[in-house]
Amino acid sequence: MRAVIVAAVVAFVVSLFLTPVAIRVFSALKAGQPIRSLGLASNEGKRGTPAMGGVVFILATLVAYVAGHLALTTLPDRQIAQEKPTMTALVLLGLFVFCGAVGFVDDFLKVRKRNSDGLSAKGKLLGQAVIGTVFGIIALSVVSTNGQTVVSENISFIRDISWLNVGKIGSVMVFVFVITAMSNGVNLTDGLDGLATGASTLVLAAYAVIGYWQYRHWCADDTYARANEYCYQVRDPLEISMIAAAAAGACVGFLWWNTSPARIFMGDVGALGLGALIGGLAVATHTTLLSILIGGLFFIITITWVIQIVSYKTTGRRVFRMVPLHHHFELAGWSEVNIVVRFWTIAGVCVAAGLGIFYSDFLANVG
C-alpha cells in the first residue's frame with residue numbers, strides 16, 4: 001500500500017506544480033485551443049486557453065511510477081516480488097504515452113493551422129489501432145515466470161469467462177477495440193472544464209482499488225495457493241494499482257487548474273492517453289465487460305453520440321439538441337458547472353456500482 005500511496009502523492013504534487021509552468025510555456029508559444037463557433041455559452045471566453053495540458057499528467061505519472069518503485073525497496077519480502085518494472089507497466093504506460101502522442105499530433109496541427117481541424121478521424125483511429133495492435137501482441141505474447149500474460153484469450157467480466165475464449169487473434173482484436181473505444185469515449189467527454197479530468201480520476205481510483213485488492217488476493221502468492229483460497233489470476237496487480245493511483249493523483253493535481261474556469265485544457269494528448277490507459281487497466285485486471293459500468297459516463301456519452309449519428313444519417317432527425325451529450329444540456333439551459341457536477345455524480349455512481357459488483361463477487365466466493 002505504501003508504494004501505491006507514494007505514487008499517488010508524488011503524481012499529485014508534480015502535476016500540481018508543473019501545470020502552471022505548462023500554462024506559461026504554452027501561452028508563450030501561443031498554443032491556444034482553437035474554438036469552433038457552435039453557439040454554446042461554454043465556448044465564450046475560452047478562445048486562446050492553452051491546450052496540450054495532458055502532457056503534464058502523463059509526465060507526472062511516469063515520475064510517480066519511478067517513485068513508487070523506489071518505495072518498494074523498503075517493503076517486506078512478500079511485496080518485493082514486483083520491485084523491478086514489469087511487462088504490465090510497459091504495456092499500460094506505453095498505451096498512455098503513445099496514444100497521448102497521437103493526441104499531441106492532433107493538438108499540434110490544430111494550433112499550427114489555427115483552427116479545430118487537426119488530425120483526421122481516420123488518422124486518429126489508424127494511430128490508435130496500430131498502437132493497440134502492437135501492445136496487444138506484446139501483452140498476449142510475453143509470459144512471466146509464473147506463466148501469466150498481461151491479457152488472456154478469454155473475454156472477462158470480473159475475471160475471465162471460461163467459455164468465451166476468442167483465441168490469440170480475437171484477443172488482440174478485443175484489446176484494440178477496448179483501447180480505441182475507451183480512448184474515444186474519454187475524448188468525447190472532454191468538452192467542459194474539468195468534466196473528463198474529474199470523471200477519469202474516479203475511474204482511475206477505482207482501478208487502483210481493484211488492482212490492490214487483486215494483489216492482496218493474488219494467485220501468484222503462495223499464501224493463497226497453498227490454502228486453495230479464492231484468488232485472482234492476473235499479472236502484476238501491484239503495478240496496475242500503482243499506475244492507476246499515480247494517474248489518478250496526477251489528474252487531481254491537473255484538475256486544480258483545469259476546473260471552471262479552466263486555465264489549461266488537457267487536449268487530445270490527455271484525453272486519448274487517459275482513455276487508452278483506462279482501457280488497458282480494464283483488460284489487465286480482467287474486468288473488460290465490467291469496465292462498461294465503471295466507465296459508465298464515457299459509455300453513456302459515446303452511445304448517445306452513436307445514436308445521434310445513426311438517427312441523423314438514416315432519418316435526417318436529431319434525437320438530441322447536440323452531441324456530445326453535455327452540449328445537449330447546455331442548449332437546454334443548464335450552466336456549465338451544473339452539468340460538470342451532475343455528470344461527475346453519474347460517473348461516481350457508476351464507479352460505486354462497479355466496485356460493488358466486483359466486491360460482491362469476492363464475498364460470494366469466499367463466504
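A salt bridge, as the term is used in these legends, is a side-chain nitrogen of Lys or Arg within 4 Å of a carboxyl oxygen of Asp or Glu. A search of the whole structure, which is a predicted model, finds 6 such salt bridges. Some of them appear in the close-up views below, together with a helix pair, a helix contact and several backbone features.

**View 1. Lys110 and Asp268 form a salt bridge between helices α3 and α9.** The side chains of Lys110 and Asp268 meet with a separation of 3.9 Å from N to O. Lys110 belongs to helix α3, which spans residues 87–113, and Asp268 belongs to helix α9, which spans residues 267–284, so the pair ties together parts of the chain that are 158 residues apart in sequence. Both Lys110 and Asp268 are buried, and for Asp268 the relative accessibility is 6%.

**View 2. Lys124 also forms a salt bridge with Asp268.** In this pair the closest N and O atoms are 3.4 Å apart. The pair links distant parts of the chain, with Lys124 in helix α4 (residues 121–141) and Asp268 in helix α9, 144 residues apart. Lys124 counts as buried because its relative accessibility is 15%, and buried here means under 20%.

**View 3. Lys168 and Glu153 meet in a salt bridge.** The N to O distance between their side chains is 3.3 Å. Lys168 is found in helix α5 (residues 167–189), whereas Glu153 is found in the loop between α4 and β1 (154–156), and the two residues are 15 residues apart. Lys168 counts as exposed, at 52% relative accessibility, while Glu153 is partly exposed, with a relative accessible area of 23%. Elsewhere in the structure, salt bridges that share partners join Asp106, Lys110, Lys124 and Asp268 into one network. In general, side chains of opposite charge can pair when their charged atoms come close.

**View 4. Helices α1 and α2 cross with their axes within 7 Å.** Helix α1 covers residues 2–28 and helix α2 covers residues 54–72, and their axes cross at roughly 150 degrees. This angle makes α1 roughly antiparallel to α2, because angles over 145 degrees count as roughly antiparallel. The crossing of the two helices is right-handed. On the side of α1, the contact is made by Ala3, Val6, Ala7, Val10, Ala11, Val14, Ser15, Leu18, Thr19 and Ala22. On the side of α2, the contact is made by Val56, Phe57, Ala60, Val63, Ala64, Ala67, Gly68, Ala71 and Leu72. Sorted by class, this contact of α1 with α2 has 16 nonpolar residues, 3 polar residues and no charged residues.

**View 5. Thr180 of helix α5 is in contact with residues that include Ala129.** Thr180 has its place in helix α5, and Ala129 has its place in helix α4. With neighbours within four places in sequence left aside, Thr180 is in contact with Leu125, Gln128 and Ala129. On the same basis, Ala129 is in contact with Val176 and Thr180. The C-alpha atoms of Ala129 and Val176 are separated by 6.0 Å, although these residues are 47 residues apart along the chain. Thr180 is buried, with a relative accessible area of 13%, whereas Ala129 counts as partly exposed at 26% relative accessibility.

**View 6. A cis peptide bond joins Ser260 and Pro261, and another cis peptide bond runs from Val323 to Pro324.** For the bond between Ser260 and Pro261, omega is about -5 degrees, and Pro261 is found in the loop between α8 (237–258) and α9. For the bond from Val323 to Pro324, omega is near 0 degrees, and Pro324 is placed in the loop between α11 (296–315) and α12 (325–331).

**View 7. Met52 has a positive phi value, and His286 has a positive phi value as well.** Phi of Met52, a residue other than glycine, is near 65 degrees. Met52 is placed in the loop between α1 and α2, and at 4% relative accessibility Met52 counts as buried. Phi of His286, also a residue other than glycine, is near 60 degrees. His286 is placed in the loop between α9 and α10 (291–294), and at 5% relative accessibility His286 counts as buried.

Methods. Residues numbered from 1 in each chain as written. Predicted model: local features only at pLDDT ≥ 70, side-chain atom pairs only at ≥ 80, totals over all residues. Heavy atoms only, no water. Axes fitted to C-alpha atoms, helices over the stretch in contact; angles between N-to-C directions. Helix = DSSP H or I, 4+ residues; strand = E, 2+ residues; numbered from the N terminus. Parallel < 35°, antiparallel > 145°, perpendicular 65-115°, else oblique. Left-handed = near helix turned anticlockwise from the far one by under 90°. Contact = heavy atoms within 4.5 Å. Nonpolar A, V, L, I, M, F, W, Y, C, P; charged D, E, K, R; others polar. Buried < 20%, exposed > 50% of the residue type's maximum accessible area, 1.4 Å probe, protein only.
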